[in-house]
Amino acid sequence: MNDMQQKIAAGLERAFAEHGFAEPSVEDLRDAAGVSLRTLYKYTPSREQMVRMALEHRHQRYIAQVFTELPADAELALSSIFDRVAEWMRREASHGCLFHAAVAAAPHDQALRALLQRHKMEVAERAAVATGLPGREVDLTLIIEGLTQSWSLYGDAAVESARRLSHGLRQPA
């Protein structure tokens, strides 16, 4: 993405995260992006493309926050991933996963479903590599998704539960 696309994507992401996908008008989205309506439509000619651009931006930010400069030690890396997911939830996603919310708002949009799947699969694959747990992507997804979904109810207790559940991952599948 070029600088203008980054600016638009960041504004759209903030607007959708704060107000959901149905509430913001195009004018609200334009204001959030900080550009003219003409510029907004130049880069995102439809609301669907606005949602996708916002989610692509969020995906990149999430991946960077959770997986950049993890400890080399596999156990410490896994614990760090849980801590970083919790920090993300604390700062960025108090209402839950924006990808799931987007699919819930447009359940028949196959492009959104594909984006959700790609995001979750990349998270699982990166987690498996960082923690030395290849082949345990489904298990890692279950634990990380459980952490994100239960965060709003349990906060730090959800992180501790994720840690306890992850101890069994070193056993043969």
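Start by selecting arginine 126 and glutamate 122, which form a salt bridge whose closest N and O atoms are 2.8 Å apart. The model is a predicted one. Both residues belong to helix α7, and four residues, about one turn of the helix, separate them. Arginine 126 has 38% relative accessibility and therefore counts as partly exposed, the class between 20% and 50%.

**Across to α4**

Stay on helix α7, which covers residues 110-131, and select arginine 118 together with glutamate 56 of helix α4. Their side chains meet in a salt bridge, with an N to O distance of 2.3 Å. This pair links distant parts of the chain, since its two members are 62 residues apart. Neither end is classed as buried: glutamate 56 is partly exposed at a relative accessible area of 26%, and arginine 118 is partly exposed at 35%.

**The α7 and α8 packing**

Now show helix α8, residues 137-154, beside α7. The two helices pack at an angle of about 110°, and their axes are 9 Å apart. That angle makes α7 and α8 roughly perpendicular. To display the contact, select Lys120, Val123, Ala124, Glu125, Ala127, Ala128 and Thr131 on the α7 side. On the α8 side, select Glu137, Leu140, Thr141, Ile144 and Glu145. Coloured by class, this contact shows six nonpolar, two polar and four charged residues.

**The α1 and α4 packing**

Next, hide α8 and bring up helix α1 (residues 3-19) with helix α4 (residues 47-67). The axes of this pair come within 8 Å and cross at roughly 95°. α1 and α4 are therefore roughly perpendicular to each other. From α1, the contact takes in Gln5, Gln6, Ile8, Ala9, Ala10, Leu12, Glu13, Phe16 and Ala17. They meet Arg47, Met50, Val51, Met53, Ala54, His57, Arg58 and Arg61 of α4. The residues of this contact divide into ten nonpolar, three polar and four charged.

**A salt-bridge network**

Keep Glu13, Arg58 and Arg61 in the selection and add Glu87, Arg90, Arg91, Glu92 and Asp156; these residues are linked in a network of salt bridges. Zoom in on one link, glutamate 87 with arginine 90, where the closest N and O atoms are 2.7 Å apart. The two residues are three apart in helix α5, so about one helical turn separates them. Glutamate 87 is partly exposed, with a relative accessible area of 28%, and arginine 90 is also partly exposed, at 43%. A search of the whole structure gives 15 salt bridges.

**An arginine without a partner**

The last stop is arginine 84, in helix α5 (residues 74-92). Which side chain of opposite charge is nearest to arginine 84, and how far away is it? Select glutamate 69: the distance is 6.5 Å. A salt bridge here requires a nitrogen within 4 Å of a carboxyl oxygen, and arginine 84 has no salt bridge although it is buried. To see what surrounds this side chain, leave aside neighbours within four places in sequence and select Gln65, Val66, Phe67, Thr68, Glu69 and Leu70, with which arginine 84 is in contact. Glutamate 69 is thus in the contact list of arginine 84 without forming a salt bridge to it.

Conventions:
Residues are numbered from 1 along each chain as its sequence is written. This is a predicted model: local features need pLDDT of at least 70, side-chain atom pairs count only at pLDDT 80 or more; totals for chains, interfaces and linings use all residues. Side-chain values use heavy atoms; hydrogens and water are left out. Axes are lines fitted to C-alpha atoms, for helices over the stretch in contact, and angles run from 0 to 180 degrees between N-to-C directions. Angles under 35 degrees count as roughly parallel, over 145 as roughly antiparallel, 65 to 115 as roughly perpendicular and the rest as oblique. Contact means heavy atoms within 4.5 Å. Ala, Val, Leu, Ile, Met, Phe, Trp, Tyr, Cys and Pro count as nonpolar, Asp, Glu, Lys and Arg as charged, and the others, Gly among them, as polar. Buried means under 20% relative accessible area, exposed over 50%, partly exposed in between (1.4 Å probe, protein chains only). Lys and Arg count as positive and Asp and Glu as negative; His and the chain ends are not counted.
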